[in-house]
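Trainee: I would like a close look at a single part of this model, the largest pocket and its surroundings. Please take me through the lining and then through the chain around it.

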Amino acid sequence: MTENWLEYVRLFSQHGRIVNFEQIAAVIGCDYDANTAMAAYIKAQLTQQNMDLKMLAVGEQRYLYSNHYIVDCFAKRWLAINDGQILVQLAEDVRLRSGPQNSVLMVSELSYAPYLLTAEDTAELIEQLTCAYSDIRYEHTHEQQGYLFSLQYHSLEYAAVLANQDPFEWSV
């Protein structure tokens with residue numbers, strides 16, 4: 001692989017995309033060879049200016065991104081979702097939001113990356129999620145906006161307070 005492949009990884013990352021070696025090879029117009037690609041990545045990692053390049057593995061596939069543009073947790077979520085683990089990932093996100101972050105996950109967030117769900121897909125996923133995980137609940141705010149939370153961390157009442165609070169209410 002030629003040296004400019006590094007800049008393509010960064011360019012894709014700027015646009016919220018995580019790419020694999022085959023995709024980079026196709027873009028730069030060279031033949032893909034797994035050993036050559038891995039050697040190029042290792043060589044790039046030996047220099048200080050390329051320490052932003054990160055690799056994640058899903059099975060036999062290796063994905064690349066720049067953590068100057070994509071944070072590690074987003075990359076892991078994106079890969080899990082694209083690997084068909086959307087239900088497991090959403091459950092993990094709801095529990096993370098409920099526990100350590102002490103908030104609720106607003107359903108409207110599922111229309112943004114890395115989920116990018118339509119309203120119909122969201123409704124179907126919420127139904128699957130609440131059936132598969134007994135601790136995860138789906139409720140509505142006073143304005144009829146849906147939210148998800150885990151009963152492991154919040155009571156129904158406390159989750160409702162979190163979901164219905166105005167973030168600007170106490171602003172000065």
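Mentor: The lining of the largest pocket divides into 7 nonpolar, 1 polar and 4 charged residues. Bear in mind that this is a predicted model. The residues in question are Phe74, Arg77, Asp93, Leu96, Arg97, Gln101, Leu105, Glu109, Leu110, Ala113, Pro114 and Tyr115. The space in this pocket comes to about 180 Å³.

As for where the lining comes from, two helices, α4 (72-82) and α5 (86-98), each supply at least two of its residues. The largest share, 3 residues, belongs to α5.

Arg97 is a good place to start on the details. This lining residue lies in helix α5. The side chain of Arg97 comes to 3.5 Å from the backbone oxygen of Val104. Setting aside neighbours within four places in sequence, the contacts of Arg97 are with Asn102, Ser103, Val104, Leu105 and Glu109. Of these partners, Leu105 and Glu109 are themselves named in the pocket lining.

Further along the chain, the lining includes Ala113, Pro114 and Tyr115. The peptide bond joining Ala113 and Pro114 is cis, with omega at about 10 degrees. Pro114 sits in the loop between β4 (105-106) and α6 (119-132). Leu116 is found in the loop between β4 and α6 as well, and its phi is near 55 degrees, a positive value in a residue other than glycine. Most residues other than glycine have a negative phi, and most peptide bonds are trans. This loop therefore holds an exception of each kind, the cis bond before Pro114 and the positive phi of Leu116. Leu116 counts as exposed because its relative accessible area is 59%, and the cut-off for that class is over 50%.

A second positive phi in a residue other than glycine, near 65 degrees, is that of Gln144. Gln144 is placed in the loop between β5 (136-140) and β6. With a relative accessible area of 58%, Gln144 is exposed too.

Strand β6 (residues 146-150) brings us to Ser150. Here the relative accessible area is 0%, so Ser150 is buried. The side chains of Ser150 and Asp135 are joined by a polar contact of 2.6 Å. Not counting residues up to four places away in sequence, Ser150 touches Val94, Arg95, Ser98, Asp135 and Ile136. Three of those names, Val94, Arg95 and Ser98, fall within the range of α5 (86-98), the helix with the largest share of the pocket lining. Ile136 falls in β5 (136-140).

Two further points lie elsewhere in the chain. Phe21, in helix α2 (residues 21-28), is buried, with a relative accessible area of 2%. The C-alpha atoms of Phe21 and Tyr32 are separated by 7.4 Å, the two residues being 11 residues apart along the chain. As for cysteines, the structure holds 0 disulfides. Cys30 is partly exposed, at a relative accessible area of 25%, whereas Cys131 counts as exposed at 65%.

To return to the pocket, keep two items together when you inspect the model: Arg97 in helix α5, with its side chain reaching the backbone oxygen of Val104, and the cis peptide bond between Ala113 and Pro114. Arg97, Ala113 and Pro114 are among the lining residues.

Notes. Residues are numbered from 1 along each chain as its sequence is written. This is a predicted model: local features need pLDDT of at least 70, side-chain atom pairs count only at pLDDT 80 or more; totals for chains, interfaces and linings use all residues. Side-chain values use heavy atoms; hydrogens and water are left out. On a 1 Å grid over the protein atoms alone, a cavity is a set of points where a 1.4 Å probe fits but cannot get out, and a pocket is an open set with protein on both sides within 12 Å along at least five of seven lines; lining residues have an atom within 4 Å of a point. Grid points are joined across faces, edges and corners, and a volume is the space filled by probe spheres set on the points. Helices (H or I, at least four residues) and strands (E, at least two) are DSSP runs, numbered from the N terminus. Ala, Val, Leu, Ile, Met, Phe, Trp, Tyr, Cys and Pro count as nonpolar, Asp, Glu, Lys and Arg as charged, and the others, Gly among them, as polar. Buried means under 20% relative accessible area, exposed over 50%, partly exposed in between (1.4 Å probe, protein chains only). A polar contact is a pair of N or O atoms within 3.5 Å; within protein, one must be able to donate a hydrogen and the other to accept it, and residues adjacent in sequence count only if both atoms are side-chain atoms. Contact means heavy atoms within 4.5 Å. A disulfide is a pair of cysteine sulfur atoms within 2.5 Å.
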